[in-house]
Amino acid sequence: MLKNYLKIAVAVLLRRKFLTFVNLFGTVLTLTVLVVAFATLESVVSPSGAQHRNDHVLAINRVTMSHSTEFILRSSGPGGAFFTSYVKPLRTPDLISLTTQARTGTSYIEGRKLTVQIRATDAAYWKILDFGLVSGRLLAPDDIDSGKSVAVINEATARDWFHGQAPLGKRIVVGSHSYEVVGIVRDEPQTSALSYSDVWVPITSGETRAWEQEFLGENQVLLYVNDPAKRDAMRDELAARVRPFNVNPDPVNYNTLRAPATTPFQELAALALGRNDLRRDDWQSDPSALFIAVMIVVALLFMALPAVNMVNLNVGRIMERAPEIGLRKAAGAPTRVLVGQFIFENLVLTLLGGALAFAVAPVILGVLNDVFRHGQLRLNLPVFVAGLAFVGVFGVLSGAYPAWKMARLDPAAALKGQRYA
Amino acid sequence: MPESLIALTNVQKIYRTDRMETIALQGVNLSVERGEFVSIMGPSGCGKSTLLNLLGLIDRATEGEVTFAGQSVTKLRDAQLAPLRNRELGFVFQSFHLIPDLRVTDNVEVPLLYGKHSASERRERVLEALAVVGLDARANHFPAELSGGQQQRVAIARAIVGRPNLLLADEPTGNLDSHMSDEIMALLERLNRERGMTVVMVTHDKTKADRSDRIVRVFDGQLVH
């Protein structure tokens, strides 16, 4: 019987090709967007690569000075003076690090312009993050203390600069500064906010150390704790420390300091919800729960779109088959068997859409992996299957209701093409 | 004594909508004996097809009693009528009602899908039914690739594939030319005569009706003699 059902299912899909296309397009689009969105989210927030110990880490990406009554503020990344005054004295973290954000640097080699991302780090950075060392060594405390002009580069940069030659011991020039390559690490994707870069150099290797005196700067602070359960305590200690703003660089204008220590997920949630409006004090509350709720609602609404589309198409499809239903009933088909047939046909359609999405999604992810530098977006199978199941359930329900109504018609009425509506 | 296969006793059929009531049949008493070939005649809209649908258990009487092989079927639920139709009845329609997306064999197989038949048994019966109607060479064609007469023969094969006792034909030659009509009539006669199949046929054509054992005339929803 299934063979007969399958034949008729395929024939029905081919009978109205445009409707089938619209139906499949909805399913494929939904599943693909779902998979791509989740892969991107996963890439940003899940512990992986050098950031596989994310559960132990909080980052301070933004420091804001404002006035409690006047409408005035300054906001930027943490500077050296903030780091020295507010972060270094913390007792809960087992490791703390100050690095610059990844910045664009330009170099010319053999007449070619090469653009790289460069990040200046301290020694703790290499202990907090766990880079995959390909050859050579990572930056050592002595490199930082001495302000050596040495660099660790990633594999992509090694390929672009050295074309298969051994890079170790050779020099690269970024901007106007020359560095000796001492190590090569695996590529870190652009979506990894803490580890992403092409070139890493000592934070002390710059021409001046004025950054040590600046309260704000384009930097990033990492706080690491051996026991992940102590992350909240680490956050609380920082919050308590910044509350009395007693190292005020401009006591006339600012009397409030905020420096939230966040996980990558919280950072993304705040960004997505627009809660990094720095005039508000929203950082004190965790935006994760609201973000998850919004994501779930958006995902459900998005998946409901093809489901509604499917309901509409199914009703039309089934109603035009009234004579066939009448014939089958006259031939002795029980109502439940007829309903089963239409459910089977919908399942075929859903699975076909799923199969197409399974083929399309990796292509889209591949394109995005080229858009994001060193992108490592992957198809998450459980998410894909869950999305497919959701669309499938809606598909089945959407087919079952009109099929049940039609199958309950008297055969004589159905044979005349009568509809239930 | 002839045995009644299906009988209607004082049957009434009323179609109701929100606005009006239409009496399609009233006070109908009719008994069809096993092995009989009965023709139903009457003008358009007189209730012939309604009568056939009641005999075929695909419509329900508003009042009255319907018995099949001596058993009342008036109050049977749909789930109980379905297997009875599957075992005992075969239908042939004026417009064939073949499923255009299925090949001839798959169309003929449809009634067997709802019975307890193995795949090999279904295949065997389908080929046998096609041989009876002389279409075994067209088994893999789609309906659109066949002439009207051939399509009706496929429909007859589908009607007899379950080896029913009662074959109901609603103007089976209505869409066919005279040559093909004769072929279909000959086929129905052969099924009645050689296989003992009871046949009830609705027709407008007096010459076709004259070839049956008995003619039942319907006028304004009532049987006339």
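**Helix packing, a surface patch and salt bridges**

Helices α9(A) and α11(A) lie oblique to each other. I start with that pair, and I should say at once that the model is predicted.

Which residues make up these two helices? Helix α9 of chain A covers residues 288-319, and helix α11 of chain A covers residues 335-371. The two pack at an angle of about 135°, with their axes 12 Å apart. Why is that called oblique? Angles over 145 degrees count as roughly antiparallel and those from 65 to 115 as roughly perpendicular, so an angle that fits neither range, nor the one under 35 for roughly parallel, is oblique. The pair at about 135° is therefore oblique. As for handedness, α9(A) passes α11(A) in a right-handed crossing.

Next, the surface. A nonpolar patch there is formed by Phe18(A), Phe21(A), Phe25(A), Leu29(A) and Val33(A). Together these residues have about 520 Å² of accessible area. Take Phe18(A) as one of them. Where does Phe18(A) sit? Its place is in helix α2 of chain A, which runs over residues 17-45. Is Phe18(A) buried or exposed? Its relative accessible area is 62%, and exposed means over 50%, so Phe18(A) counts as exposed.

Now the charged side chains. How many salt bridges does the structure hold over all chains? The count is 24. I will go through three of them.

In chain B, Lys206(B) pairs with Asp210(B), and the closest N and O atoms are 2.8 Å apart. Lys206(B) is partly exposed, at 39% relative accessibility. Asp210(B) is also partly exposed, at 44%.

In chain A, salt bridges with shared partners link Arg137(A), Asp142(A), Asp143(A) and Lys148(A) into one network. Within it, Asp143(A) forms a salt bridge with Arg137(A), with 2.6 Å between the closest N and O atoms. How do these two partners stand towards the surface? Asp143(A) has a relative accessible area of 1% and is therefore buried. Arg137(A) has 32%, so it is partly exposed.

The third salt bridge joins Arg321(A) and Glu324(A), whose closest N and O atoms are 3.1 Å apart. Here Arg321(A) is buried, and Glu324(A) is buried too.

To recap: α9(A) and α11(A) are oblique to each other, Phe18(A) is an exposed residue, and Asp143(A) is a buried one. That is the end of my part.

Technical notes. Residues numbered from 1 in each chain as written. Chains lettered and ligands numbered in written order. Predicted model: local features only at pLDDT ≥ 70, side-chain atom pairs only at ≥ 80, totals over all residues. Heavy atoms only, no water. Patch = residues over 30% accessible without salt bridge, like charges linked within 9 Å, V, L, I, M, F, W, Y side chains within 5 Å. Areas by Shrake-Rupley, 256 points an atom, 1.4 Å probe, with all protein chains shown as cover. Salt bridge = Lys/Arg side-chain N within 4 Å of Asp/Glu carboxyl O. Helix = DSSP H or I, 4+ residues; strand = E, 2+ residues; numbered from the N terminus. Buried < 20%, exposed > 50% of the residue type's maximum accessible area, 1.4 Å probe, protein only. Axes fitted to C-alpha atoms, helices over the stretch in contact; angles between N-to-C directions. Left-handed = near helix turned anticlockwise from the far one by under 90°.
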